[in-house]
Amino acid sequence: MRLTLEETLAILQESGKVIITSHVNPDGDALGSCLALAHYLKDRGKDVSVLIDDEVPKGFLVLPGAEKITAPGENEHYLADLLVVLDASLDRIGKVGEAVSAPVVNIDHHPTNDGKAERLYLDGERAATAEIIYQLLELAGGEFDKDIAMALYTGLATDTGFFRFSNTNPLTMRAAARMLEAGAEPHVISESLEQRPYSHVKGLADALQHIEVWHGGRAAGAFLSYETMEGIEATDGLIEMLRVIEGVEIAVVMKYKEEGKARVSMRSKGADVSAVALQFGGGGHVKAAGCGIEKPFEEARAMLQAAIDAALAPTDPVAGDAGSAGEEK
Ligand code: AMP
Ligand code: MN
Ligand code: MN
């Protein structure tokens with residue numbers, strides 16, 4: 001059932017014991033949305049915990065409450081009045097789904113949300129789930145303290161590339177301004193997120209040795225096998241380096257941190273990479289999407305490149321009639 005904002009707020013307000021979760025490999029929107037909602041509900045006397053089946057990246061520990069986020073324990077079972085799943089479909093929350101017994105409400109901004117939650121608030125027009133949480137809290141009376149402001153600002157900023165991507169809209173800016181009034185400190189957040197160990201910067205340099213372009217320079221990728229990844233600690237920022245190459249319309253990073261399991265990130269300047277990700281059971285947005293592929297390196301790489309070729313094909317210059325191409329930007 002698709003909920004309205006009012007119905008979603010009512011469900012949150014009527015529940016006493018609430019568990020909030022988001023996707024594995026959590027990003028700023030996942031963590032910011034969870035923490036903001038947790039602070040709000042705690043301030044209203046509810047028993048709230050944030051349970052995420054993954055580690056919280058160090059940079060996000062600047063957010064109040066981030067240190068209290070836990071992963072579900074082995075064989076542990078949790079009972080609650082409500083499980084709130086933010087910024088993802090239910091299939092991306094790892095072990096939390098099995099570990100928690102509670103009715104579910106799903107709040108998301110991914111147009112590719114699988115719609116399987118019994119109760120879903122989905123708005124694909126919103127730049128971030130944090131933008132939806134902002135709308136919910138506005139509807140609830142618009143009280144924002146510093147803890148909520150830091151969390152929501154982080155979600156808004158990270159999902160819009162710090163207010164640069166095309167999803168940035170007037171509501172994003174209004175919400176961000178409101179968060180600054182409520183005490184968010186943008187420089188504290190961005191400085192914390194920028195920090196990385198020396199080994200990660202070196203790893204990025206190593207990963208850059210593996211970049212390539214194809215499809216006449218319109219696609220760029222880094223395909224990093226398990227063997228290659230053994231020498232690389234992190235690839236943060238790699239997809240951005242590919243995205244900015246002149247002429248590139250689709251950028252992709254495919255990497256193996258586990259043998260036989262590729263993780264794929266894609267970015268685009270117009271072509272629909274969420275359609276490519278959906279073909280492999282993933283999802284995301286038109287211009288930013290991802291998926292996992294459980295195939296050996298060469299096979300996964302060939303499938304992915306073929307799917308990207310097909311996504312670019314509708315705007316390929318037609319032989320002898322180059323003028324008709326590229327209308328969709
Ligand atoms: P990332 O490349 O990890 O920053 O992800 C880009 C976008 O794709 C984000 O909106 C993610 O939520 C989405 N995404 C990434 N991986 C997956 C996946 N395996 N399934 C569904 N959506 C994904
Ligand atoms: Mn996310
Ligand atoms: Mn998001």
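Select Asn75. At 79% relative accessibility, Asn75 counts as exposed (exposed means over 50% relative accessible area, buried under 20%, partly exposed in between, with a 1.4 Å probe and protein chains only). Asn75 sits in the loop that runs between β2 (47–50) and β3 (78–79). Strands here are DSSP runs of E with at least two residues, helices are runs of H or I with at least four, and both are numbered from the N terminus. Now check the backbone. Asn75 is not a glycine, yet its phi is positive, about 60°. Most residues other than glycine have a negative phi.

A word on what is on screen: this is a predicted model, in which local features need pLDDT of at least 70, side-chain atom pairs count only at pLDDT 80 or more, and totals for chains, interfaces and linings use all residues. Residues are numbered from 1 along each chain as its sequence is written, chains are lettered from A and ligands numbered from 1 in the order in which they are written, and side-chain values use heavy atoms, with hydrogens and water left out.

**Asp87**

Go to Asp87 next. Asp87 lies in the loop between β4 and α3 (96–99). Asp87 also has a positive phi, about 65°, and is not a glycine. Is Asp87 buried or exposed? Asp87 is buried, with a relative accessible area of 1%.

**The whole protein**

Zoom out. Colour by secondary structure and you have 12 helices and 13 strands. The radius of gyration is 20 Å, close to the 20 Å that the globule rule gives for 329 residues, so the protein is as compact as a globular protein of that length. That radius is taken over C-alpha atoms, and the rule is 2.2 Å times the number of residues to the power 0.38. Along the principal axes, the C-alpha trace spans about 65 × 45 × 40 Å.

Turn on the surface. The accessible surface comes to about 15,100 Å², and 51% of it belongs to carbon and sulfur atoms. These areas come from the Shrake-Rupley method with a 1.4 Å probe; for residues, only the protein chains shown count as cover. Of the 329 residues, 50% count as buried.

Now think about contacts, meaning heavy atoms within 4.5 Å. Take the contacts with a separation of 6 or more: residues 24 or more positions apart account for 61% of them.

**Helix α1**

Select residues 5–14, helix α1. Which residues of α1 are buried? They are Leu5, Thr8, Leu9, Ile11 and Leu12. Look down the axis: these buried residues fall within an arc of 160°, so they line one face of the helix. The arc is that of the directions from the helix axis to the C-beta atoms. Turn to the face pointing away from the buried side, and you find the exposed residues Glu6 and Glu14. What do the buried residues of α1 pack against? Show α2 (28–43), β4 (82–86), β6 (104–108), β7 (120–122) and α4 (129–139).

**Arg178 in α6**

Move to helix α6, residues 170–181, and pick out Arg178. Arg178 is partly exposed, at a relative accessible area of 22%. Set aside neighbours within four places in sequence, and Arg178 is in contact with Tyr134, Glu138, Gly142 and Phe144. Draw a distance to Tyr134. Arg178 and Tyr134 are 44 residues apart along the chain, and their C-alpha atoms are separated by 9.5 Å.

**Helix α7**

Select residues 186–194 for helix α7, where Ile189, Ser190, Ser192 and Leu193 are buried. They cover an arc of only 160° around the axis, which puts them on the same side of α7. Add α5 (146–159) to the view: the buried residues of α7 pack against it.

**Val213 and Arg218**

Strand β8, residues 211–214, holds Val213. Val213 is partly exposed at 45% relative accessibility. Beyond its neighbours within four places in sequence, Val213 is in contact with Ala219, Ala220 and Val248. Measure across to Ile245: 32 residues apart in sequence, Val213 and Ile245 are 9.3 Å apart in space, C-alpha to C-alpha.

Last stop: Arg218, in the loop between β8 and β9 (219–224). Arg218 is buried, with a relative accessible area of 12%. Outside its neighbours within four places in sequence, Arg218 is in contact with Gly247, Val248, Glu249, Ile250, Leu312, Thr315, Asp316 and Pro317. Finish with one more distance. Arg218 and Ser190 are 28 residues apart along the chain, with 31 Å between their C-alpha atoms.
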